[in-house]
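Open the model in your viewer and keep the sequence panel beside it. The tour below goes from one selection to the next and says what is found at each stop.

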Amino acid sequence: MQINLPSLDGTENITAVCMRPDRYTRLYEALTCDTPVIARGGGLSYCNAGAGRGCRTVVSTCFDRILAFDAEKRLLTVEPGMRLGDLFEFAVRHGLYFPVLPGHPSITVGGCAGFNVHGKTQHNVGHFIDYVERFTLFHPDHGEITCSRTDHESLFRLTIGGFGLTGYITNITLRLIPLKGRSVLFQKRFVANLKEAVEVMKQLSEKVDVLYSWNNLNKTGDAFGEGIVFSEQFIDEETSARDKPFHLFTPDMRSVLRFNFYYRPSAHMECAVYYNMERLTGVEKRCALKATAFPIHGKEIYYLLFGKQGLREYQMLIPHDEWAGALDDLRALMNRMKMPLTLGSMKFFTGAQDLLNYRGDGICLVLDVPANRNSVEYFNKLDEIVIAHKGVVNLSKDSRLTAGTVATMFPEYERFKNELNEFDPKKRFNSALRMRIDV
Ligand SMILES: Cc1cc2nc3c(=O)[nH]c(=O)nc-3n(C[C@H](O)[C@H](O)[C@H](O)COP(=O)(O)OP(=O)(O)OC[C@H]3O[C@@H](n4cnc5c(N)ncnc54)[C@H](O)[C@@H]3O)c2cc1C
């Protein structure tokens, strides 16, 4: 059946055949056909990585079971459609934790593999790949292949962060870690600007378990990036908070409102209201782990207010030694173009960049604007700044990056493309993302 498959940001709507098999025979049938196929999890990537014109989308969400659990070795084998909220609940029930949790519990494990995602605190726990023990990949021309760091190692690395283009992951074994506490000590530090935010984060980075910021990028002069640094530390205390269930979020829900509510004045007001509410609610609280595990859960209205036209998100990673120069360029651009910036947020990253992974040593800055005529031009200018300062952009957040820009930003672009085409020369797996970045 042909249906509309939107990207989360609402800027890429694709009408394509979509199947949601619920048993393995149907899954393998769905994946074995003459047209190109692509896996889709929760569909919560900002770009359309789980659909493509002329491609068949195979949704994984019926395959969401736990297949094996070795409590002693802390190894959990699951189907790819398992949502992170369920993974979180299972782990915590067993005194364990999965440390790489991106912002929403509706994201699936398969989707995390597709983009080798990071969580709130990349600098001290790493990326999704760091907790993958092994997985089974199905490709109609290769059959089922079990990949790990010792078996099919290059396919292992190409698949985690390979945008679903090497095949369909049918099961995946994750390594959990011991749970350090069932509650967190949540603290806020108010900062005058982006420069101070980075300094405060540097001081805290070795001391806390979770660290990120919120910054108002609409402010100018010395107040550019005024904001809050959030930190969390696990504590072994029970809190009295009611255990609210996680709820579902999908790209269709995001676009239910017709009109965009964010313009320059309303974006200013939204940021001012958020900042002042945070000032009113105190600088420290103890809360249940579940309440802070997924920071966007419960705040989905933020996305809805962009309306049908959608939003554009830009997430850059700038090496530490380039940050000061990049900051000057960003400030100058933001002063010149005066876009309604509805979100600014930072995290620290460590690790080596490879293939097309959003990974490296440096500062991660994310920002949102409404999708309109100016936003593409604006993001193109951000690309120039990122390239000049040797940074990279998160492909899962961006539905407009061109092949040329990706090739310039990512030193291993050609290696990724060559390895992928060697493994799948017929392009049996294809998507809007693959076509756009030409890999
Ligand atoms: C509110 C929110 C907060 C977010 N926060 C973060 C964050 O903090 N850090 C971060 O890194 N990202 C973040 N993201 C982005 C998100 O984590 C990724 O885009 C993720 O890939 C989405 O997973 P999904 O289940 O929705 O998968 P989809 O968007 O449906 O698919 C993503 C990719 O995975 C592939 N895939 C899915 N299932 C399989 C399978 N079975 N086999 C092979 N490939 C498969 C798809 O083909 C596609 O290429 C956030 C997104 C949202 C909406």
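Which elements each supply at least two residues of the shell around the ligand? Select β3 (37-40), α3 (109-115) and β10 (168-175): each of them does so. The model is a predicted one, and this applies to every stop that follows.

**Stop 1: the ligand shell**

Show the ligand and the 33 residues around it. Those that come nearest are Gly 41, Gly 110, Gly 111, Gly 114 and Gly 164. Now colour the shell by element: α3 gives the largest share, 6 residues. Then colour the shell by class, which gives 16 nonpolar, 16 polar and 1 charged residues.

**Stop 2: strand β10**

Keep β10 (168-175) selected, since this strand is one of the contributors to the shell. How many of the residues of β10 are buried? The count is 7 of 8, and the strand is mostly covered.

Next add the neighbours of β10 in the sheet. Strand β8 (residues 132-139) pairs with β10 in the antiparallel sense, over 6 bridges. To find the register, pick Thr 136 and look across to β10, where Asn 171 stands opposite. β6 also pairs with β10 in the antiparallel sense, here over 4 bridges. For this pair, select Leu 75; the bridge partner in β10 is Arg 175.

**Stop 3: helix α2**

Select residues 84-93, which form helix α2. Which residues of α2 are buried? They are Leu 84, Gly 85, Leu 87 and Ala 91. These four lie on the same side of the helix, because the arc they cover around the axis is only 160°. Show what lies against them: the buried residues of α2 pack against β6 (75-78), β7 (96-97) and α3. Two of these elements have appeared already, β6 as a partner of β10 and α3 as a supplier of the ligand shell.

Stay on α2 and pick Glu 89, which lies in this helix. Is Glu 89 buried or partly exposed? It has 17 other C-beta atoms within 10 Å, and therefore counts as partly exposed, as 20 or more would be needed for a buried residue. For a distance check, draw a line from Glu 89 to Val 132: the two are 43 residues apart in sequence and 19 Å apart in space, C-alpha to C-alpha. Then move past the end of the helix to Gly 95, which follows α2 and has a positive phi, near 70°.

**Stop 4: strand β12 and its partners**

Select residues 183-191, strand β12, together with residues 226-235, strand β14. The two pair in the antiparallel sense over 9 bridges. Pick Gln 187 to see one of the bridges; the partner in β14 is Ser 231.

Add strand β15 (residues 284-288), which pairs with β12 in the antiparallel sense over 5 bridges. In this pairing Val 184 stands opposite Cys 287 in β15.

**Stop 5: a four-stranded sheet**

What is the order of the 4 strands in the open sheet that includes β16? The order is β17-β18-β16-β19, with antiparallel pairing. Colour β17 (343-349) and β19 (392-393) separately, as these are the edge strands, each of which pairs on one side only. Then select strand β16 (residues 311-318) and strand β18 (residues 362-370), which form an antiparallel pair over 8 bridges. Here Met 316 stands opposite Leu 365 in β18.

**Stop 6: Leu 330**

Select helix α11 (residues 323-337) and pick Leu 330 in it. Leu 330 has 25 other C-beta atoms within 10 Å and is therefore buried. Extend the selection to Ile 385, which is 55 residues away from Leu 330 in sequence but 7.4 Å away in space, C-alpha to C-alpha.

**Stop 7: the whole chain**

Clear the selections and zoom out. The protein has 15 helices and 19 strands, and its C-alpha trace spans about 60 × 50 × 40 Å along the principal axes. Its radius of gyration is 21 Å, which agrees with the value near 22 Å for a compact globule of 439 residues. Buried residues make up 49% of the 439. Of the contacts with a separation of 6 or more, 73% are between residues 24 or more positions apart.

Note on methods. Residues numbered from 1 in each chain as written. Predicted model: local features only at pLDDT ≥ 70, side-chain atom pairs only at ≥ 80, totals over all residues. Near = placed C-beta within 6 Å. Nonpolar A, V, L, I, M, F, W, Y, C, P; charged D, E, K, R; others polar. Buried ≥ 20, exposed ≤ 12 C-beta atoms within 10 Å, placed from the backbone. Arc of directions from axis to C-beta. Contact = placed C-beta atoms within 7 Å. Rg over C-alpha atoms; globule rule 2.2 N^0.38 Å. Pairing = 2+ DSSP bridges.
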